[in-house]
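Dear colleague,

I am handing over the structure below, and I would be glad if you could look through it with the notes that follow. They take up the aromatic rings before turning to the sheet.

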Amino acid sequence: MTKHGDLMLSGKSGHKYCFQVWPFSTRFRPLGAVFFVTKRLYSNKNYRRASHEVLFIGETASMAEPLGSSFQLDAFEKRGANCVCVYPSNDEAERKTMLEDLVAGHRPTLQC
C-alpha cells in the first residue's frame, strides 16, 4: 500500500506527534504503535488538502493484529473509516502516555 503522507497531531498537553497516514486496508508488520482511525475528507475541491475526522485512538503492541473487535470494525465501516494514522513505538509506557494525551485532546467519536 502507498502511504498518503504524514499528519502532525497535538495532544492536550500541546506536544506534537508526527503520524504516518495509510489506507485503512493496509496490512502492517508486527510493530508497536499508537494509531488513529480516521475518515479522510477533502473539503476544498481546488486543493488536494485533506482533513481527518478522528473516529478512534488506540495503541497496540502489534499493528499486525486487527485494529479492534468485530463491533469496532463494524462501527468504523459505518462511519466511513478510510485511513489509519500510525506513530510507531515499541515502548508500552510511552504509548500509554501518548494515548491519554491524544484522547484528551481529540475526543474521538468511538471509545474502547
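For the aromatic rings, the rule applied is that the rings of Phe, Tyr and Trp, the last by its six-membered ring, form a pair if their centres lie within 6.5 Å, and that such a pair is stacked with planes under 30 degrees apart, edge-to-face over 60, and tilted for the rest. Counted in this way, there are seven aromatic pairs in what, please keep in mind, is a predicted model.

One of these pairs is formed by Phe-19 and Tyr-87, whose ring centres are 5.7 Å apart and whose planes stand at 55°, so the pair is classed as tilted. Because Phe-19 belongs to strand β2 (residues 16-23) and Tyr-87 to strand β5 (residues 83-88), the pair ties together parts of the chain that are 68 residues apart in sequence. As for accessibility, Phe-19 has a relative value of 0% and therefore counts as buried, whereas Tyr-87, at 22%, counts as partly exposed.

A further tilted pair is that of Phe-56 and Phe-76, with 5.6 Å from centre to centre and 55° between the planes. This pair, too, links distant parts of the chain, since Phe-56 lies in strand β4 (residues 51-60) and Phe-76 in helix α1 (residues 70-78), 20 residues apart. Here Phe-56 is buried, with a relative accessible area of 3%, and Phe-76 is buried as well, with a relative accessible area of 0%.

Returning to Phe-19 and Tyr-87, I would add that these residues, together with Tyr-17 and Phe-36, form one aromatic cluster.

As to the sheet, it is an open one made of five strands, which follow the order β1-β2-β5-β3-β4 with antiparallel pairing. Its edges are formed by β1 (5-10) and β4, each of which pairs on one side only. On average, and with direction ignored, neighbouring strands of the sheet are turned by 35° against each other. The antiparallel pairing of β1 with β2 runs over six bridges, and Asp-6 is found opposite Gln-20 in β2.

Finally, helix α2 (residues 92-106) packs on this sheet, where α2 touches β1, β2, β3 (33-41), β4 and β5, and the direction of the helix makes about 150° with that of β4.

With best regards

Terms used:
Residues are numbered from 1 along each chain as its sequence is written. This is a predicted model: local features need pLDDT of at least 70, side-chain atom pairs count only at pLDDT 80 or more; totals for chains, interfaces and linings use all residues. Side-chain values use heavy atoms; hydrogens and water are left out. Helices (H or I, at least four residues) and strands (E, at least two) are DSSP runs, numbered from the N terminus. Buried means under 20% relative accessible area, exposed over 50%, partly exposed in between (1.4 Å probe, protein chains only). Two strands pair if DSSP finds at least two bridges between them. Axes are lines fitted to C-alpha atoms, for helices over the stretch in contact, and angles run from 0 to 180 degrees between N-to-C directions. Contact means heavy atoms within 4.5 Å.
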